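Me: I'd like to go through this model with you. Can we start with charged pairs?

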Amino acid sequence: MISDRWHETKIRVRYKDTDRLGVVYYGNYLTYFEVGRAEFMRDLGLPYSRLEAEGYSLVVTEALARYHGNVGYDAMVTVKTAISEIRGARMRFDYEVVGDNGSLIVSGYTLHGCINSKSRPTRIPSSVIKTIEEKVGPFTATVGQNSK
């Protein structure tokens with residue numbers, strides 16, 4: 001579901017995602033970001049399998065996570081994902097992981113570079129940008145973190 005440029009993906013915390021203290025291990029939030037991003041792209045009609053079939057990959061070049069709280073086993077979280085920037089060969093995704101009660105657990109972003117089948121940087125294909133803008137609107141303004 002896409003609402004106000006944000007896509008939402010529900011994830012139930014698995015036991016294997018937690019640490020000895022019974023809360024989600026911090027590194028697993030990057031996996032939650034990936035799940036949110038993949039589902040967002042799939043809902044846009046741009047699954048990674050399609051991009052790869054067309055000779056493109058989006059590789060992570062930078063990642064940031066800020067931790068605001070925690071959640072434990074069997075909790076339901078929502079990963080909110082937005083594309084906040086598309087420029088040249090670069091695309092930025094912003095994330096918020098929120099608990100069932102609406103509390104912010106983690107916020108962050110990943111920056112991706114587009115590469116071609118020869119692993120060379122290349123501009124994001126115009127067809128990809130067009131598809132994204134048809135679904136979420138033009139990229140004249142940046143979507144900020146913690147935007148609702």
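Reply: Sure. Lys-130 forms a salt bridge with Glu-134, with the closest N and O atoms 3.8 Å apart. A salt bridge here is a side-chain nitrogen of Lys or Arg within 4 Å of a carboxyl oxygen of Asp or Glu.

Me: What ground rules apply to the model and the numbers?
Reply: The model is predicted, so local features need pLDDT of at least 70 and side-chain atom pairs count only at pLDDT 80 or more, while totals for chains, interfaces and linings use all residues. Residues are numbered from 1 along each chain as its sequence is written, and side-chain values use heavy atoms, with hydrogens and water left out.

Me: Where do Lys-130 and Glu-134 sit relative to each other?
Reply: Both are in helix α3, residues 126–136. They are four residues apart, so about one helical turn separates them. Helices (H or I, at least four residues) and strands (E, at least two) are DSSP runs, numbered from the N terminus.

Me: Is Lys-130 buried or exposed?
Reply: Exposed, at 52% relative accessibility. Glu-134 is exposed too, at 55%. Buried means under 20% relative accessible area, exposed over 50%, and partly exposed in between (1.4 Å probe, protein chains only).

Me: How many salt bridges does the structure hold?
Reply: Nine. One of them pairs Arg-12 with Asp-74, closest N and O atoms 3.7 Å apart. Arg-12 lies in strand β2 and Asp-74 in the loop between β3 (56–67) and β4 (76–87), so this pair ties together parts that are 62 residues apart in sequence.

Me: How accessible are those two?
Reply: Arg-12 is partly exposed at 43%. Asp-74 is partly exposed at 40%.

Me: Which residues are linked in a network of salt bridges?
Reply: Glu-85, Arg-87 and Arg-90. Within it, Arg-87 and Glu-85 have their closest N and O atoms 3.2 Å apart. Arg-87 is exposed at 54%, whereas Glu-85 is buried at 17%.

Me: Switching to backbone. What is phi for Asp-74?
Reply: Near 75°, a positive value in a residue other than glycine. Most residues other than glycine have a negative phi. Ser-119 also has a positive phi, about 60°, and is not a glycine. Ser-119 is in the loop between β6 (104–116) and α3, and is exposed at 54%.

Me: Now the interior. How many cavities of 30 Å³ or more are there?
Reply: One. Its volume is about 40 Å³. On a 1 Å grid over the protein atoms alone, a cavity is a set of points where a 1.4 Å probe fits but cannot get out; lining residues have an atom within 4 Å of a point. Points are joined across faces, edges and corners, and the volume is the space filled by probe spheres set on them.

Me: What lines the largest cavity?
Reply: Met-41, Leu-51, Tyr-56, Leu-58, Met-91, Cys-114, Ile-124, Pro-125 and Val-128. That makes nine nonpolar, no polar and no charged. Ala, Val, Leu, Ile, Met, Phe, Trp, Tyr, Cys and Pro count as nonpolar; Asp, Glu, Lys and Arg as charged; the others, Gly among them, as polar.

Me: Where is Leu-58 found?
Reply: In strand β3. Leu-58 is buried, at 16% relative accessibility. Leu-58 and Gly-113 are 55 residues apart in sequence but 5.5 Å apart in space, C-alpha to C-alpha.

Terms used. On a 1 Å grid over the protein atoms alone, a cavity is a set of points where a 1.4 Å probe fits but cannot get out, and a pocket is an open set with protein on both sides within 12 Å along at least five of seven lines; lining residues have an atom within 4 Å of a point.
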